[in-house]
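Biologist: I would like to learn how to read a structural model one feature at a time, with the general idea first and the case at hand second. Could we work through it in that order?

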Amino acid sequence: VGLVAGDEACYDTFRELFDPVIESLHGCIQAPPQQRANAAAVSRIFASVGNYAVSIRLEMRRNLKGLRLAPCCSAEDRCQAEELLTKAMMSFNSDNQGNYYPLAFSTSYKPKPGG
């Protein structure tokens, strides 16, 4: 059994359904206002691994304001999300910058056609 929101408006429209589930899983109903990733904290985590890490894999799983959520987004929405996220990741400073590898056979990321 699962519970999936089609877009951010679902959380308001179906509040009576979502709030108890969110509270049960996370201990709160709503996230703190303007919750954002802290780039400085991420940099400190990378720096703390010192000489012991060969690589770090960072997976970003987050919904983007204004784009439909995964269950009902279109191919165009997915391409727009990919573009926004790759642009953000590539803006990291050189110490934290890595490579983006799209799915094999993907044609959506122009710098690496075919994935």
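## A buried charge and its surroundings

Modeller: Let us begin with a charged side chain: Glu82 is buried yet takes part in no salt bridge, and the nearest side chain of opposite charge, that of Lys110, is 8.6 Å away. Please keep in mind throughout that this is a predicted model.

Biologist: How should I read that distance, and with which side chain does Glu82 make a polar contact?

Modeller: A salt bridge here needs a side-chain nitrogen of Lys or Arg within 4 Å of a carboxyl oxygen of Asp or Glu, and the 8.6 Å to Lys110 does not meet that. The side chain of Glu82 does, however, make a polar contact of 2.5 Å with the side chain of Ser108. Setting aside residues up to four places away in sequence, Glu82 touches Tyr100, Pro102, Ser108 and Tyr109.

Biologist: Where in the chain does Glu82 sit, and which other residues of that element are buried?

Modeller: Glu82 belongs to helix α4, which covers residues 75-90. The general idea to bring to a helix is that an α-helix has 3.6 residues a turn, so residues three or four places apart point the same way. In α4 the buried residues are Asp77, Ala81, Glu82, Thr86 and Met89. Viewed down the axis of α4, these buried residues fall within an arc of 155°, so they line one face of the helix. The other side of α4 carries Glu76, Glu83 and Lys87, which are exposed.

Biologist: What span should the 16 residues of α4 have, and how far apart are its end C-alpha atoms?

Modeller: At 1.5 Å a residue, α4 should span 22 Å, and its end C-alpha atoms are 22 Å apart, which agrees. Helix α2, residues 15-26, can be read in a similar way: its twelve residues reach 15 Å from the first C-alpha to the last, close to the 16 Å expected.

Biologist: What does the backbone do just after α2?

Modeller: The general idea is that most residues other than glycine have a negative phi. Just after α2, Gly27 takes a positive phi of about 80°. Phe105, in the segment after α4, has a positive phi of about 70° although it is not a glycine.

Biologist: Is Phe105 buried or exposed, and what of Ser106?

Modeller: Phe105 is exposed, because its relative accessible area is 75%. Ser106, which is also found in the segment after α4, counts as buried because its relative accessibility is 14%, under the 20% limit. Leaving aside neighbours within four places in sequence, Ser106 is in contact with Lys112, Pro113, Gly114 and Gly115.

Biologist: How should I read Asp7, which lies in the segment before α1?

Modeller: Start with its exposure and then look at its partners: Asp7 counts as partly exposed, because its relative accessibility is 29%. A polar atom of the Asp7 side chain lies 3.1 Å from the backbone nitrogen of Ala9. Asp7 and Leu67, although 60 residues apart in sequence, are 7.7 Å apart in space from C-alpha to C-alpha.

Biologist: How many helices and strands does the protein chain have, and what share of its residues is buried?

Modeller: There are four helices and zero strands, which follow one another along the sequence in the pattern α-α-α-α. Of the 115 residues of the chain, 17% count as buried. Among contacts between residues at least 6 apart in sequence, 25% join residues at least 24 apart.

Key:
Residues are numbered from 1 along each chain as its sequence is written. Side-chain values use heavy atoms; hydrogens and water are left out. Helices (H or I, at least four residues) and strands (E, at least two) are DSSP runs, numbered from the N terminus. Buried means under 20% relative accessible area, exposed over 50%, partly exposed in between (1.4 Å probe, protein chains only). Lys and Arg count as positive and Asp and Glu as negative; His and the chain ends are not counted. A polar contact is a pair of N or O atoms within 3.5 Å; within protein, one must be able to donate a hydrogen and the other to accept it, and residues adjacent in sequence count only if both atoms are side-chain atoms. Contact means heavy atoms within 4.5 Å. The expected span of a helix is 1.5 Å times one less than its number of residues. The arc is that of the directions from the helix axis to the C-beta atoms.
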